[in-house]
Every structure is written in structure tokens, then in C-alpha cells.
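Let's walk through this structure together, one question at a time. Have the model open beside you as you read.

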Amino acid sequence: MSKSEWLRTVRECFETPDRSHLTRATVAFDFRQVAGSLDIVPELVSIMRQTPRHPDFVRALARTAAGYRPPLGFRGTIVPAKDKEAPDGTIDIKRGGMLPVVNIARFYALSSQVTISATLDRLVAVEDLGVLKHEEATALAEAFSVAWRVRLEHQGEQVSTGVAPDNYVNPDRLPVLTRSLLREALRTIAQAQERLSVYLRPGIG
């Protein structure tokens, strides 16, 4: 898109924080400069820093961050996905283990005027600002890394056997220690999502 179209898109995300605009925001607000000059960056960053002035958008971000729940049962055990596309006994490690942390980090970053894009860098930044306690930020970063490693190893095994890589991991086939680490990672994510409930109340943001 042209520069004016990008700026308009970002502003519309604030003005109309519906599902469509939130989807656009996850793309537009997570932009990264790969190479060369990008004259639009200062203007985009300036607009993104206005996030706290838009409480409806902030609440919508919080709902998104709390929306993708980890695949946990009542007792905190890993439960298979109910997705029709998921093979029996598997979980979507990206949707249930990585995406929630990405969304949580994005929420805390943008609502704190942090404009960097990388998930782990966002967690470090909001910890430095005192938005998240050290223990919380570290736990989320570790949870993200655990899910990321499980996904990478799963896809590596698929590629080595000539199978197209996907995100569907069977937790029962993981080594005992890895399965335990993944379970604790998912519990950490669920707890972080519960703490977001305060931001969902009208008047907060």
C-alpha cells in the first residue's frame, strides 16, 4: 500500500477496533524493516504510541490476548485439540502455545507505548518499564521458548522423514521431561491470560 493508505489503516484500527481491524493491527503494528530506508517508520511509530489514548482498542487487544487459550483441561493437564483438522491426540502448538504469548506481549507493549515488534524484546521492554514483574516476564519468555522448541523439533522430524511440516504435536509422544516443561509453559500462559481480565472492564485502558 501507499504511505497514506498505511497511515489510514493504522488510524482506523484505533477508531473501529472490530475483529477485522484487530486482524489488520496484528500485521500493521508488528511491521519490521528488513532492508533499505523506510521513511514511514517515524510516522507509524508516532501513531502507535497513541495506543493508550484509545481504551476501546486497548480492551480489544486484551480480549485478543486472552482469546487463544492453551490446550489445558480442568486439572491443568494437556488435552488434545477439538479442531477437525487436527490429527487425533494432537495439539496445535502454534495456536495454543506460541500465539497467546505473542498476543500478550503485543498487548502490554502497545498499551505501554512500546513500539518494537519482536515478542521476546517486547517482554524485556515492558519488564524494564515495570509493567510486568521480572518473574512474570521471564516466565512468559520461557513458556514461549519451550513451545517454540517443541514446534521446531516436531517440524524438523517431519522434514527429515519427507512429511510436510505442520503445528500438530502429540504430547503423549514427547519425552517425559519435554512434556512436563510444555505443560508448565501452557499453565504459565493460562495464568497470564487470567491476569488480563482486569483490562477487560469498561473504563479501564
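**Helix packing, core and rings**

This is a predicted model, and a good place to start is a helix pair: the axes of α7 and α8 lie 9 Å apart, and the two helices pack at an angle of about 135°.

Q: Are α7 and α8 parallel, antiparallel, perpendicular or oblique to each other?
A: Their packing angle is about 135°. Roughly antiparallel would need an angle over 145°, and roughly perpendicular covers 65 to 115. The angle of this pair fits neither class, so α7 and α8 are oblique.

Q: Which residues of α7 meet α8?
A: On the α8 side, the residues involved include Leu181, Leu182, Ala185 and Ile189. The helices cross with a left-handed sense. Facing α8 from α7 are Glu136, Ala139, Leu140, Ala143, Val146 and Val150.

Q: Which helix gives the most residues to the largest nonpolar core?
A: That core has 51 residues, and those with the most contacts inside it are Phe29, Phe57, Ile104, Phe107 and Leu182. At least two core residues come from each of α1, α2, α3, α4, α5, α6, α7 and α8. The top contributor, with 10 residues, is α5.

Q: Which residues does phenylalanine 107 contact, leaving aside neighbours within four places in sequence?
A: Phe107 is among the residues with the most contacts inside the largest nonpolar core. Contact here means heavy atoms within 4.5 Å. By that criterion, the partners of phenylalanine 107 are Val58, Leu61, Ala62, Ala65, Leu196 and Tyr199.

Q: How are the rings of phenylalanine 14 and phenylalanine 57 arranged?
A: The whole structure holds four aromatic pairs. In the pair of phenylalanine 14 and phenylalanine 57, the ring centres are 5.0 Å apart and the planes stand at 90°, so the arrangement is edge-to-face.

Q: Which helices does this ring pair tie together?
A: Phenylalanine 14 and phenylalanine 57 are both buried, and ring pairs link them with Phe29 into a cluster. The two residues sit in parts that are 43 residues apart in sequence. Because phenylalanine 14 lies in one helix and phenylalanine 57 in another, the pair joins α1 and α4.

Q: Is threonine 9 buried or exposed?
A: Threonine 9 belongs to helix α1, and leaving aside neighbours within four places in sequence, Met1 and Arg24 are in contact with threonine 9. Its relative accessible area is 7%. Buried means under 20%, so threonine 9 counts as buried.

Notes
Residues numbered from 1 in each chain as written. Predicted model: local features only at pLDDT ≥ 70, side-chain atom pairs only at ≥ 80, totals over all residues. Heavy atoms only, no water. Core = buried A, V, L, I, M, F, W, Y, C linked by side-chain atoms within 4.5 Å. Buried < 20%, exposed > 50% of the residue type's maximum accessible area, 1.4 Å probe, protein only. Helix = DSSP H or I, 4+ residues; strand = E, 2+ residues; numbered from the N terminus. Phe/Tyr/Trp six-rings, centres within 6.5 Å; stacked < 30°, edge-to-face > 60°. Axes fitted to C-alpha atoms, helices over the stretch in contact; angles between N-to-C directions. Left-handed = near helix turned anticlockwise from the far one by under 90°.
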